[in-house]
Amino acid sequence: MVFFAASHGVFTGFGNALTEIRFNIASRAPTGNVVLVEIDAKSLDATGQRSWPRSAHARLIDRLSELGAAEIAIDADFSRPSTPEDDAALNAALDRAGGGVVLAIGTSAITSSASEQKLDIKRPLDSFASRAWGATIDVFPDADGPVRRVPLGRIIDGAPIPSLAAMLGGYIGATDMPFIVDFSVRANEIDRISAVDILGGRIDGTRVEGRKVVVGRAATEPGGGIEVPVYGKLSRPLIQILATETILQDRIFVTTSPISGGFGLGALALISIFVFRRQRATMTVLTLAMISVALEAMATGVQYFAPI
């Protein structure tokens, strides 16, 4: 029965909860190689618009390039035309950046009939795409709600497109699978800079020089953001950075089979039957509890020192 339950995902929720506890117990510092430039409420107020204009994105690219950013990735939708002046400004900035910018490609499922689904692909306009790299920014929640995994890429129109995290993390390999984000990386220690402070020259340039920069919208609305383990809700750009940190720190997890968990439970059951059958029930339960705690401590240590 134990093995049947394990093979049918009965213990999945319990395993996720244990993994989250281990993330909390054994946290780790970010590399410091990735910086988040946020289009926050202060930045939007400075433009007087509800959305960040492309002319502002253009100035931001120029400024980040001047500060010596190693790579610039922008998590924003450039799939539709804006004003001719704004689009021309962004094209010119991408030209000046010389191919050092990554633009977002988003996808979402649309139902075309009762039995068929297609992808709605939001690619940057051709004029932008010809001047920059493209990377997917999709994140998908698990059945119970939180986002735990991020794709390494997507197959779009028959071609593999890497994810933003895979591109910034320097991942080389198959892109058609998701990976678990290491939420033990301390998100509060990732350097976050307001976009308007970059444009206003109010930051120390060493915070950007030689670093990978992700530009994206902050979760400014009350209750906004995407649900994740450990932190509750985070903005999508910040999730992208945690995914990038996972790759940079060589923390792409290898997951054990649910059967192995069922085997462990079965082994404990056998121990209780054959080894402790002559002991009092309370002593048996206490001993098994101590063994379980010891095993969980070992699992926490393994997860911290190796991505398992």
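A salt bridge is counted here where a side-chain nitrogen of Lys or Arg lies within 4 Å of a carboxyl oxygen of Asp or Glu. One such contact joins Arg202 to Asp197, with the closest N and O atoms 3.0 Å apart. The structure is a predicted model, in which local features need pLDDT of at least 70 and side-chain atom pairs count only at pLDDT 80 or more, while totals for chains, interfaces and linings use all residues. Residues are numbered from 1 along each chain as its sequence is written, and side-chain values use heavy atoms, with hydrogens and water left out.

The overall architecture comes to 11 helices and 13 strands; helices (H or I, at least four residues) and strands (E, at least two) are DSSP runs numbered from the N terminus. The protein chain has 308 residues, of which 43% count as buried. Buried means under 20% relative accessible area, exposed means over 50%, and partly exposed lies in between (1.4 Å probe, protein chains only). The chain exposes about 16,000 Å², and carbon and sulfur atoms supply 58% of that area, as computed by the Shrake-Rupley method with a 1.4 Å probe, where for residues only the protein chains shown count as cover. Contacts (heavy atoms within 4.5 Å) often span long stretches of sequence: among those between residues at least 6 apart, 75% join residues at least 24 apart.

We turn next to the interior. A nonpolar core is a set of buried Ala, Val, Leu, Ile, Met, Phe, Trp, Tyr and Cys residues joined through side-chain atoms within 4.5 Å. The largest one has 33 residues, and those with the most contacts inside it are Val150, Leu164, Phe179, Val214 and Leu242. Two or more residues each come from strand 1 (34–39), strand 3 (101–113), helix 7 (164–169), strand 9 (178–180) and helix 9 (236–248). Helix 9 gives the most to this core, with 6 residues. Leaving aside residues up to four places away in sequence, Phe179 touches Arg148, Arg149, Val150, Pro151, Leu152, Ala165, Ala243, Thr246, Ile247 and Ile252. Another core, of 32 residues, lies apart from the largest one and has Leu60, Ala132, Val208 and Val215 among its members.

The structure also holds 2 aromatic pairs. Rings of Phe, Tyr and Trp (its six-membered ring) pair if their centres lie within 6.5 Å; planes under 30 degrees apart count as stacked, over 60 as edge-to-face and the rest as tilted. Phe23 and Phe183 form an edge-to-face pair, at 6.4 Å centre to centre and 70° between the planes. Phe23 lies in helix 2 (residues 12–25) and Phe183 in the loop between strand 9 and strand 10 (192–194), so this pair ties together parts that are 160 residues apart in sequence. Phe23 and Phe183 are both buried. The pair of Phe78 and Phe128 is edge-to-face because the ring centres are 5.9 Å apart and the planes stand at 75°. Here too distant parts of the chain are linked, with Phe78 in the loop between strand 2 (71–75) and helix 5 (84–97) and Phe128 in helix 6 (residues 126–129), 50 residues apart. Both Phe78 and Phe128 are buried.

Charged side chains add further links, and a search of the whole structure finds 18 salt bridges. Glu38 and Arg192 meet at 2.9 Å, N to O, which links strand 1 to strand 10 across 154 residues. Glu38 counts as buried at 10% relative accessibility, whereas Arg192 counts as partly exposed at 41%. Arg96 and Asp62 form a salt bridge at 2.7 Å, N to O, joining helix 5 to helix 4 (residues 54–66) over 34 residues. Arg96 is exposed, at 52% relative accessibility. In the bridge introduced at the outset, Arg202 is exposed with a relative accessible area of 52%, while Asp197 counts as buried at 16%. Asp142, Asp144, Arg148 and Arg149 are linked in a network of salt bridges.

Finally, some local backbone features deserve a look. Strand 7 (residues 153–156) and strand 8 (residues 159–162) pair in the antiparallel sense over 4 bridges, where pairing requires that DSSP finds at least two bridges between the strands. Ile155 stands opposite Pro160 in strand 8. The hairpin has 2 residues between its strands, and Asp157 takes a positive phi near 55° there. Asp157 is exposed, with a relative accessible area of 65%. Asp250, a residue other than glycine, has a positive phi near 55° and is placed in the loop between helix 9 and helix 10 (258–274). At 62% relative accessibility, Asp250 counts as exposed.
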